[in-house]
Amino acid sequence: MYYERIIEPMIKKISETFPVLIVTGPRQVGKTTLLTRMAEKERKIVSLDNPTIRAFAKNDPELFIQRYVPPVLIDEVQYAPELFDYIKIYADREKRCGDFWLTGSQTFRMMKHVTESLAGRAGIVQMQGLSNDEIRGVRFSPFRVDVPELTQRITRIAPMSLPEIYERIYRGSMPRLYENPEVDRDQYYESYLETYISRDIKDLTQVADETSFLNFMSVVAARTATNVNYEALANEVGISAPTAKHWLSVLVSSGIVALIQPYFNNALKRVIKAPRMYFLDTGLCAHLTRWSSAETLEAGAMSGEFFETWVVSEICKSYLNAGKKPPLYFYRDSNRKEIDVIIYQDGTVTPVEIKKGSAPQKAVRNFSVLNPIEKESSEEDAFSGAAHLKVRIGTGAVVCMSPDLVPIDKKNWYIPVWLI
């Protein structure tokens, strides 16, 4: 069974705009499957996973382009960086949009060559695993706290129970696990990690100890939905803090972990500057932290962290699938007051709390820490040159297991988690 991908129209648009389309993302999220289905009849498809073809591309890239004349889809292009200069030459000569479709799972290696050779010639799409909307077969716009839109949305989808939510969290977002229910989840993720570390990480000279890196991934998974502390990560694995920082950047550039930055505003004091980290595939995160079932995960000590991680990953995917950078931040100050997510766009700051309960009490109590930004911006004179810095505080939300879309007060709403 194939699941339609929401990102498909964005890929078509970029292919019609640039000579080179680049689709990046973690392994096995469906990049090649999607592009193969979208490819027109005359487009050649070639994979550099094949060692013979890879050697051909590396040893004689000019002849390779003559052999596989565009339009062409080149899978795992990062294995032959020698191709990029010749792709540039061909694109500049022909000036035809959509000639090259490239995929790559080693973003940290590939993007260096893209910025050097294909700047201005390539449109880049970041792809993740299946979103909850894709699994359910619906298409919604990127998540916002827009009550009229959410009211329309609630009429189109069936509610999800707590066990259903945690089954989705536990299984994760890899297409293979949904397209073929017979695939053993634990074996799949074990194989995934082996492939990722042996083929992607092994190529990085800075990661000499593969076992330590796997331990590092497990430690990061155990700290999902928490602020980054490089010293603590380093101490748990037995590496240096700079190494921990570098390894985390590898996970981020691989599309496995997302770092959410703190929200800053001059009116807010004593804001913690460390980013917050989230695994983007909760199934991989659950596998690394050794939960044996959805039921034990829901009842376990990390239940709340996994719930928050899943919500953040779904919001991220809703923006990535629309070709947009997720406008997500969080708030935490030295008084330990926190707001899980802040959506900041169009001059509006929208606070969002994420709670596992059905009607969590006092969930919006920390939203008031944002009041100074609205007050201060309202006092700015448009002629002072600071009018562009003005912000307003939008409708707040608590994403939770509420059975319905319900107002908390005049400015805040409970939003059922299955609506995001």
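1. Two strands are taken to pair if DSSP finds at least two bridges between them. On that basis strand β14 (residues 406–407) pairs with β15, since two bridges join them, and the two run antiparallel. The structure discussed here is a predicted model. In the β14–β15 pairing, V406 stands opposite Y414 of β15. The connection from β14 to β15 is a hairpin of four residues.

2. Strand β15 also has a parallel partner. Strand β13 (residues 396–400) is joined to β15 by five bridges, and these two strands run parallel. Within this pairing, C400 has P416 in β15 as its bridge partner. Strand β15, covering residues 412–416, is mostly covered, with four of its five residues buried. Strands of a sheet pair through backbone hydrogen bonds, in either the parallel or the antiparallel sense.

3. A separate point concerns the open sheet of five strands, whose order is β2-β3-β4-β1-β5 and whose pairing is parallel. Strands β2 (44–47) and β5 (122–126) lie at its edges; each has a single partner strand, so one side of each is left without a neighbour in the sheet. From one strand to the next, the twist averages 15°.

4. The pairing of β5 can be described further. Strand β1 (residues 20–24) pairs with β5 in the parallel sense over five bridges. In this pair V23 stands opposite V125 of β5. Helix α2 (residues 31–38) packs on the sheet and touches β1, β2, β3 and β4. The direction of α2 makes about 165° with that of β4.

5. Three backbone features deserve inspection in the loops. The peptide bond from P70 to P71 is cis, with omega near 10°, and P71 is found in the loop between α4 (61–67) and β3 (72–75). E76, a residue other than glycine, has a positive phi, near 55°. E76 is found in the loop between β3 and α5 (83–94). K95 is likewise not a glycine and has a positive phi of about 50°; its place is in the loop between α5 and β4 (100–104).

6. Are the two residues with positive phi buried or exposed? E76 has 6% relative accessibility and therefore counts as buried, the limit being under 20%. K95 has a relative accessible area of 66% and is therefore exposed, as this value is over 50%.

7. Helix α17 (residues 303–320) has 18 residues and reaches 26 Å from its first C-alpha to its last, close to the 26 Å expected at 1.5 Å a residue. The helix is mostly covered, as 16 of its 18 residues are buried.

8. The largest nonpolar core has 97 residues, of which F216, L251 and V417 touch the most other members. Helix α17 gives the most to this core, with eight residues. The contacts of V417, not counting residues up to four places away in sequence, are I165, F307, W310, V311, V399, C400 and M401. A second, separate core has 24 residues, among them V46, Y68, V72 and A80.

Technical notes. Residues numbered from 1 in each chain as written. Predicted model: local features only at pLDDT ≥ 70, side-chain atom pairs only at ≥ 80, totals over all residues. Heavy atoms only, no water. Buried < 20%, exposed > 50% of the residue type's maximum accessible area, 1.4 Å probe, protein only. Axes fitted to C-alpha atoms, helices over the stretch in contact; angles between N-to-C directions. Contact = heavy atoms within 4.5 Å. Expected span 1.5 Å × (residues − 1). Core = buried A, V, L, I, M, F, W, Y, C linked by side-chain atoms within 4.5 Å.
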